[in-house]
Amino acid sequence: MNGFIFGFSATLLSTMLWPSLPPVGLLPYFLLGTVILWQKSPLCAGGLFAVFWLTLFCFGLSKHDFTDLSQPIQIKGEIITLVNQNSDWLSLDIAIIRPNLALGPKAKLRLTWKTPPALQVGQIWSFTLMPKSMSNVLNQGGYNEQKQLVSQHIIGKGRVLQAELVSDNASLRNQLVASLAPLLAPMAQGDILLALILGDNRLISKERWQLLRQTGTGHLVSISGLHLSVLTVWIYTCSLWLCNRFALVPSRRNLIVALILSACSAIFYAYLAGFGVATQRALIMIVLLMLLSLLRRFSSAWERLLFALFVVLLIDPLSCLSAGFWLSFCALAIILYTLEVAPKVPVKGVEPSMVMGLKVSLLQFWSVQWRLTLVLGVIQAVLFGGMSVHSLWMNMLAVPWFSMVVIPLAMVGFGCWWLGSVLGFSWLGILQLSDLALAPYGQLLQLSTHLPAHWQATSASELAAGICALLAGVLWCFIPKTRQYRLWHLVSSVLWMPLLWTLVLKMLPIASPAWAVHVLDVGQGLAVVIEKEGRGMLYDTGAAFGDEFSYSQRVILPFLNAKGIQHIDYVFISHSDNDHAGGAQVLARTYPKAEWISDVPHLAAKGCRPQQFVWQSLTVTILFPKQPTDGNNGSCVVRIDDGEHSLLLTGDIEKAAEAALLLEIPLLATPSSPLGAHPQSHTETGASLLTSQVLLAPHHGSKTSSTGAFIDAVAPELVIFAAGLANRFGFPKAEVIERYQQRQIEHLITGYEGQISVVFTPGQRKVKSYRRDLAPFWYNRVFRFGDLLNPE
């Protein structure tokens with residue numbers, strides 16, 4: 001049985017690396033193979049069953065009768081989460097109600113609703129909405145919202161056109177959240193209290209989440225194994241003491257009563273927390289331990305962890321795509337391993353002293369914390385692109401305080417408040433005391449912003465080198481130091497090489513002729529990064545919406561951190577449209593030493609006039625405009641080349657600007673022009689100044705641009721359209737794509753490909769896209785609305 005469970009779990013965890021899901025038609029064969037292999041190879045049988053179960057699960061989520069998705073559709077659903085409110089728009093998640101489906105996973109939709117009425121979680125509405133694919137922007141280093149949506153069973157997005165309330169019967173948990181949240185909101189630490197008690201994060205602001213992440217203490221706020229275990233131990237200890245104090249019997253009755261009470265408390269607390277992945281894992285392990293204790297059967301902690309992993313994946317095979325899944329199970333595995341190898345109280349035939357017991361407990365606690373900090377720091381860097389430098393000492397202060405004081409006090413306060421509300425009065429005395437108990441933790445969070453290097457961003461190369469070094473250290477610790485293991489010693493030594501090479505490159509940078517252009521996926525907008533030898537140059541910033549959202553913050557900065565680009569020398573802003581210049585303020589604060597080139601008045605940048613300069617041995621030529629011009633036709637046109645490869649960035653120019661370029665470019669190459677003052681290292685004619693191997697399509701592929709004469713003058717081998725997936729403008733237009741295809745020019749669209757990177761090396765040009773090359777996993781493909789099985 002353990003072999004089957006292991007095969008099932010290992011196969012499902014490998015879905016993170018699968019290129020695609022198996023077709024539904026193969027499900028009977030997978031099931032038949034499982035039955036045949038059950039007797040001979042439980043491990044393989046478990047793997048086949050995992051494939052069968054995952055595909056069947058996704059098929060259940062995708063089973064809908066959506067016909068014409070270009071028209072509004074009618075859907076009945078229950079509100080399960082109010083995600084966020086931005087100005088007069090509300091984002092919410094609903095679970096689709098399908099009367100003809102009694103069993104199966106609940107498919108969800110993420111909706112946006114303009115000026116909605118007062119909504120509560122648990123309400124059932126009949127929605128008329130305009131459907132939209134749940135596929136999202138994808139870039140290196142950026143937040144993969146698409147994967148997160150898949151893990152939450154969200155199969156599409158939509159915009160609410162109208163809705164009618166059907167039912168307002170909220171669950172007990174939703175009623176408690178609705179009643180308690182307004183009472184806790186005025187408290188200084190009320191947001192954390194609500195998260196601790198009911199697993200609801202609605203009061204926690206984005207700034208607070210950032211503080212939790214940079215201190216590495218976010219796990220203390222999200223209900224997980226720590227909280228469930230603390231509550232269970234307290235209930236078990238108190239109930240057993242009371243039973244033995246007032247009803248002492250020689251049988252196991254008191255033990256059974258204490259176990260049942262603590263198990264019921266754990267189940268109810270998990271219900272209040274919303275049965276998240278970490279809560280499920282902890283609850284399964286706790287209940288299994290109690291059940292085996294009642295049955296007087298032994299099982300190791302590792303067997304219980306494996307069984308919990310199996311049950312969690314059986315309930316929801318897509319949960320392994322969430323960050324909380326990996327953090328939760330890895331944390332418990334580290335704790336179990338540490339408790340096996342950590343120092344223990346020596347047995348010498350006498351009772352150990354209290355001092356000895358305290359010393360061993362402190363050593364065990366230290367062993368657990370430094371391992372958790374090291375391993376979870378690496379996992380956090382993989383998932384979030386950085387790690388908290390101060391998480392070790394902060395957790396050593398916060399974890400005991402939460403376990404011994406905060407969590408018990410908060411749960412007692414919640415119980416008193418709930419009992420009082422049932423009896424007709426509201427008493428917040430102990431909850432207010434809990435708020436005071438959290439005050440030191442709140443001060444600790446505020447202190448973290450003033451600490452040096454509170455959050456250390458890690459590039460992909462640094463992260464890979466760090467993981468290799470970590471594996472080398474593990475091998476060195478566990479491999480016997482004898483000659484028969486010298487091959488493993490060699491492997492351990494080789495794993496140190498990436499880290500050493502990374503350090504050498506930092507101290508002694510090596511010049512390289514290679515350079516790259518990265519057209520980032522920023523929806524219906526434009527953001528381009530030119531990279532060479534660890535330095536960067538930006539062209540446009542993508543859009544910004546309100547005060548809370550900017551593609552510069554969401555996409556560009558994480559990408560630069562992931563690539564290890566710490567220095568930005570130039571920032572070009574083509575023109576003032578929001579989809580090109582919306583994130584300028586964010587970049588200006590982040591890179592104050594960068595030189596800005598733009599005609600946008602409020603940026604106080606150097607004007608975009610025809611000129612030429614050399615950057616990192618690349619020739620940068622500003623071709624247009626000769627005079628500042630409002631609108632799309634005033635876009636700054638820039639050409640970059642290395643003498644062999646070339647790139648043309650065109651902004652949003654249209655037919656008039658394209659015609660002007662065709663007339664003016666030959667004049668710009670004369671000695672009397674500004675270009676004549678900066679001769680290039682190789683001879684060029686006027687025509688060659690416009691000719692480029694790679695072209696960024698003007699105006700996202702609008703039919704008002706990309707004239708045949710302009711395309712022939714540029715003569716590109718590759719054209720890239722910066723256009724959002726299924727954008728409301730219909731960019732790029734079919735007739736524009738056809739013009740390029742008639743000339744046998746390869747074209748790529750960021751909305752379908754995600755980030756598009758073109759790497760230039762001597763004699764070679766390589767093109768990579770996020771969905772096809774950089775991360776070609778099944779959950780990163782473009783999905784139709786409501787479909788998880790047949791990605792386009």
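How many bridges join strand β4 to strand β5, and which way do the two strands run relative to each other? I looked this up before anything else, keeping in mind that the model I am reading is a predicted one.

**Entry on the strands**

I found that nine bridges join β4, which covers residues 124-132, to β5, which covers residues 154-167, and that the two strands run antiparallel. To have one concrete pair to look at, I picked T128 and noted that its bridge partner in β5 is Q162. I then followed the strands further and saw that β4 and β5 belong to a barrel, which five strands close in the order β1-β2-β3-β5-β4, with mixed pairing. From one strand to the next, I noted a twist that averages 50°.

**Entry on helices α5 and α6**

Before turning to the helices I reminded myself that two packed helices are described by the angle between their axes and the distance between the axes. For helix α5 (residues 172-184) and helix α6 (residues 190-198), I wrote down an angle of about 160° and axes that lie 10 Å apart. Angles over 145 degrees count as roughly antiparallel, and therefore I describe α5 as roughly antiparallel to α6. I also recorded that α5 passes α6 in a right-handed crossing. When I looked for the residues that make the contact, I found R173, L176, V177, L180, A181 and L184 on α5, and G190, L193, L194, I197 and L198 on α6. Sorting the residues of this contact by type gave me nine nonpolar, one polar and one charged.

**Entry on helices α12 and α13**

Next I looked at helix α12 (residues 323-341) and helix α13 (residues 354-384), whose axes come within 9 Å and cross at roughly 155°. Because of that angle, I describe α12 as roughly antiparallel to α13. The crossing in which α12 passes α13 is right-handed. The contact draws on many residues, including L327, I334 and V341 of α12 and V368, L372 and F384 of α13. I noted that the residues of this contact divide into 16 nonpolar, three polar and one charged.

**Entry on confidence**

Where does pLDDT stay under 50? I found such a stretch over residues 667-687, for which the model has 28 contacts beyond four places in sequence. For the protein as a whole, I wrote down a mean pLDDT of 85, with 92% of the residues reaching 70 or more.

Methods:
Residues numbered from 1 in each chain as written. Predicted model: local features only at pLDDT ≥ 70, side-chain atom pairs only at ≥ 80, totals over all residues. Heavy atoms only, no water. Axes fitted to C-alpha atoms, helices over the stretch in contact; angles between N-to-C directions. Helix = DSSP H or I, 4+ residues; strand = E, 2+ residues; numbered from the N terminus. Parallel < 35°, antiparallel > 145°, perpendicular 65-115°, else oblique. Left-handed = near helix turned anticlockwise from the far one by under 90°. Contact = heavy atoms within 4.5 Å. Nonpolar A, V, L, I, M, F, W, Y, C, P; charged D, E, K, R; others polar. Pairing = 2+ DSSP bridges. pLDDT = per-residue confidence, 0-100.
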